[in-house]
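Got your viewer open? Here is a short tour, with something to select at each stop.

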2 protein chains.
Amino acid sequence: MTIQGTGTARPAGRPRSEKAEKAITEATLDLIAEGMGVSELSIEAIASRAGVGKTTIYRRWSSKEDLVVDALATLKAPLPPLAGVSVRDDLITLLDAMRVESGNRRGRCVMNIAMSEADRHPRLTERFVKRAIEPRRRALQEVVERGVASGELRPDLDVTLAMAILSGTMMWHSKWGPSGDLPEDLAERVVDMALAGMAPPAP
Amino acid sequence: MTIQGTGTARPAGRPRSEKAEKAITEATLDLIAEGMGVSELSIEAIASRAGVGKTTIYRRWSSKEDLVVDALATLKAPLPPLAGVSVRDDLITLLDAMRVESGNRRGRCVMNIAMSEADRHPRLTERFVKRAIEPRRRALQEVVERGVASGELRPDLDVTLAMAILSGTMMWHSKWGPSGDLPEDLAERVVDMALAGMAPPAP
């Protein structure tokens, strides 16, 4: 009854290991936020900051790169559930998740630093993009394509460019917008202007 | 005749000092691109990389911060002249200047690194924004406001949001778009989609 055996061992062990895991990913993010580049980051420094032994880290992550990818991924909010009725509403839901996420100041800072090192750590960046960026990009693409199919968006819409307009405007706000929380109605205003366009309606 | 005197001294001196100035700003950008943070950057390191003495640097810049602001500003293309006829054409001209600029790979990399340190160097960032970002922002704003006044844009347009959509989409492409040069017709396609909107035209 090995499985049963492991099972009974877990209830006591799991919460503790989850707590350690969180301490380790948080320590990793803290060190990056404080200016330690991904290259200089060491398992020693992370272990010492998290108050755990190096073996605790190696038990869970086989390399520093794995750990950094996991730590960065914790900064990304989970994909919000979509109602699937109106394309406008679903676009607002997706953009609003970006707004909420960018309200996390440390998150923005860590992400900026990590991305500025992207050229020096192509494999890490690629894995992070696959893990944390691609699923959102796919969700956005599905909603835009649904809009084209349903007639809620132009039949000849350039889907990639539409996605760039929507994400880029949110990205601009978290980078250049007034510091502090982004306005609560931002996602709605962005989607509505992107849908209606800036030109005056045809007479 | 002091002015005349200075005038005759210059023709020989100026080209050499301009050459030194360029070597110094280039050395600064190189060191940042290689991963030396703004904090670690020293006048010694810059002088040694540029092959000049520290006094040559101090003759021109009174602090490291001044030098970094000037060096970063050289990465920004000058504002393009605007025809001032069609708002659509002027928007394309402004966005196309952003496209060309972001084709400079080292420039993108240095700018990312410098901006990731923005929190740690608020005064430097503020000066750089004033020097290199504000004039472009103002130019874009003037064109958008002209469009509202002329009826080429909606009378009730949210000017700030419109500017965010236009700049943000270009920014998105230089950050997340396919690596290498951005497509030559990108600015035109972005402006046309932003003007027309993604929703189907009213029947």
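Start in chain B by selecting Arg99(B), and keep in mind that this is a predicted model. Leaving aside residues up to four places away in sequence, Arg99(B) touches Met170(B), Leu182(B), Pro183(B), Glu184(B) and Leu186(B). Widen the selection to the surrounding element and you get helix H5 of chain B, residues 87–102. Now add Asp96(B): its side chain makes a polar contact with the side chain of Arg99(B), at 2.6 Å. Is Arg99(B) buried or exposed? Its relative accessible area is 14%, so with the cut-off for buried at under 20%, Arg99(B) counts as buried.

Stay in chain B and jump to Thr28(B), which sits in helix H1, residues 2–33. Thr28(B) is buried too, because its relative accessibility is 0% and anything under 20% qualifies. What should you show around Thr28(B)? Try Leu41(B), Ile46(B), Leu67(B), Val68(B) and Ala71(B): Thr28(B) touches each of these, again not counting residues up to four places away in sequence.

Next, zoom out and colour by chain. How many residues of each chain are in contact with the other? Select them and you should have 43 residues of chain A against 43 residues of chain B. Together the two chains bury about 4200 Å² between them, and 67% of that is on carbon and sulfur atoms. To see who contributes on the chain A side, show Arg154(A), Trp176(A) and Met198(A) as sticks: these supply 19% of the area that chain A buries against chain B, more than any other three residues.

Polar links come next. Between chain A and chain B there are two salt bridges. For one of them, pick Asp158(A) and Arg189(B), whose side chains meet at 2.6 Å, N to O. If you list polar contacts across the two chains, the count is 16 residue pairs, both residues at pLDDT 80 or more.

Last stop: the side of chain A that touches chain B. Which elements give two or more residues to it? Select helix H6 (105–116), helix H7 (122–150), helix H8 (159–176) and helix H9 (186–196) of chain A. H8(A) gives the most, with 13 residues, so that helix is a good one to highlight. Then colour this side of chain A by residue type: you will find 25 nonpolar, nine polar and nine charged residues.

Terms used. Residues numbered from 1 in each chain as written. Chains lettered and ligands numbered in written order. Predicted model: local features only at pLDDT ≥ 70, side-chain atom pairs only at ≥ 80, totals over all residues. Heavy atoms only, no water. Contact = heavy atoms within 4.5 Å. Buried area = accessible area lost by both parts, 1.4 Å probe. Salt bridge = Lys/Arg side-chain N within 4 Å of Asp/Glu carboxyl O. Polar contact = N/O pair within 3.5 Å; in protein donor to acceptor, adjacent residues only side chain to side chain. Helix = DSSP H or I, 4+ residues; strand = E, 2+ residues; numbered from the N terminus. Nonpolar A, V, L, I, M, F, W, Y, C, P; charged D, E, K, R; others polar. Buried < 20%, exposed > 50% of the residue type's maximum accessible area, 1.4 Å probe, protein only.
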